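Biologist: I have a predicted model of a single chain on my screen. I would like a close look at one strand pairing, and then a tour outward from there.

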Amino acid sequence: MIDTGDDGVLAIAATLAGRTTVAVHDLTGKGRKVTLSLDDLGTATLLLLGEGTRVSDEGDGPIELAAFAYGWFRIVPWVVSP
């Protein structure tokens with residue numbers, strides 16, 4: 001689980017075969033705005049947005065979730081040069 005700073009928003013990271021997906025869901029029915037710290041995981045690429053979900057064009061910054069909305073992101077790991 002990823003800390004969202006809001007008990008009404010659930011964020012989960014799952015990794016399978018070296019690929020990580022982060023799912024963010026509003027569970028309150030009221031809509032929420034959260035900022036996730038994914039820097040240690042890599043760069044987030046948008047996969048799927050529910051109706052009423054907004055993210056910045058740059059892929060960073062807050063995620064605005066409408067009531068019961070969601071956003072799914074693929075994480076591309078940072079590449080460290082030797």
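Which residue in β6 stands opposite valine 55?

Modeller: The residue opposite valine 55 is isoleucine 63, in β6. Keep in mind that this model is predicted.

Start with the two strands at that spot. β5 covers residues 54–55. Strand β6 covers residues 63–65. The two strands run antiparallel, and 2 bridges join them.

Now widen the view. β5 and β6 belong to an open sheet of 3 strands, in the order β3-β6-β5. Pairing in this sheet is antiparallel. β3 (32–34) and β5 are the edge strands, since each pairs on one side only. In the order of the sheet, β6 sits between β3 and β5.

β3 also gives a link to the beginning of the chain. Aspartate 6 lies in the segment before β1, a strand that spans 9–16. Setting aside neighbours within four places in sequence, aspartate 6 is in contact with Arg32 and Val34. Both of those positions fall within the range of β3. The aspartate 6 side chain has a second partner: it reaches the backbone nitrogen of glycine 8, at 2.7 Å.

Follow the chain on into β1. β1 pairs with strand β2, residues 19–26, in the antiparallel sense. There are 8 bridges between β1 and β2. Two of the pairs can be named. Alanine 13 has valine 22 in β2 as its bridge partner. Alanine 14 has threonine 21 in β2 as its bridge partner.

The turn comes next. β1 and β2 make a hairpin, with 2 residues between the strands. Alanine 17 is in that turn. Its phi is positive, near 55°, although alanine 17 is a residue other than glycine. Alanine 17 counts as exposed because its relative accessibility is 76%, and the cut-off for exposed is over 50%.

Phenylalanine 68 makes a second case of this kind. Its phi is positive too, at about 60°, and it is not a glycine. Phenylalanine 68 lies in the loop between β6 and β7, the latter spanning 70–76. With 58% relative accessibility, phenylalanine 68 also counts as exposed.

Beyond that loop, β7 leads back to β2. These two strands run antiparallel, with 6 bridges joining them. So β2 has bridges to β1 and to β7.

Threonine 20 ties this region together. Threonine 20 lies in strand β2 and stands opposite isoleucine 75 in β7. Its contacts, leaving out neighbours within four places in sequence, are Ala13, Ala14, Thr15, Phe73, Arg74 and Ile75. Ala13, Ala14 and Thr15 fall within the range of β1, while Phe73, Arg74 and Ile75 fall within that of β7. A polar contact of 2.8 Å also joins the side chains of threonine 20 and threonine 15. Threonine 20 counts as buried because its relative accessible area is 15%, and buried means under 20%.

Move to the surface now. Leu47, Leu48 and Trp72 make a nonpolar patch of about 250 Å². Leucine 47 is in strand β4, residues 43–49. Position 48 falls within that range as well. Trp72 falls within the range of β7. Leucine 47 counts as partly exposed, because its relative accessibility is 37%. That value lies between the cut-offs for buried, under 20%, and exposed, over 50%.

Finally, the whole chain. It has 7 strands and 0 helices. Read along the sequence, the pattern is β-β-β-β-β-β-β. The chain has 82 residues, and 29% of them are buried. Its accessible surface is about 5,600 Å². Carbon and sulfur atoms hold 54% of that area. Among contacts with a separation of 6 or more, 58% are between residues 24 or more positions apart.

To return to your starting point: valine 55 faces isoleucine 63 across the β5 and β6 pairing. β5 is an edge strand of the open sheet.

Terms used: Residues are numbered from 1 along each chain as its sequence is written. This is a predicted model: local features need pLDDT of at least 70, side-chain atom pairs count only at pLDDT 80 or more; totals for chains, interfaces and linings use all residues. Side-chain values use heavy atoms; hydrogens and water are left out. Patches are made of residues with over 30% relative accessible area and no salt bridge: like charges are joined within 9 Å, nonpolar side chains (Val, Leu, Ile, Met, Phe, Trp, Tyr) within 5 Å. Accessible areas come from the Shrake-Rupley method with a 1.4 Å probe; for residues, only the protein chains shown count as cover. A salt bridge is a side-chain nitrogen of Lys or Arg within 4 Å of a carboxyl oxygen of Asp or Glu. Helices (H or I, at least four residues) and strands (E, at least two) are DSSP runs, numbered from the N terminus. Buried means under 20% relative accessible area, exposed over 50%, partly exposed in between (1.4 Å probe, protein chains only). Contact means heavy atoms within 4.5 Å. A polar contact is a pair of N or O atoms within 3.5 Å; within protein, one must be able to donate a hydrogen and the other to accept it, and residues adjacent in sequence count only if both atoms are side-chain atoms.
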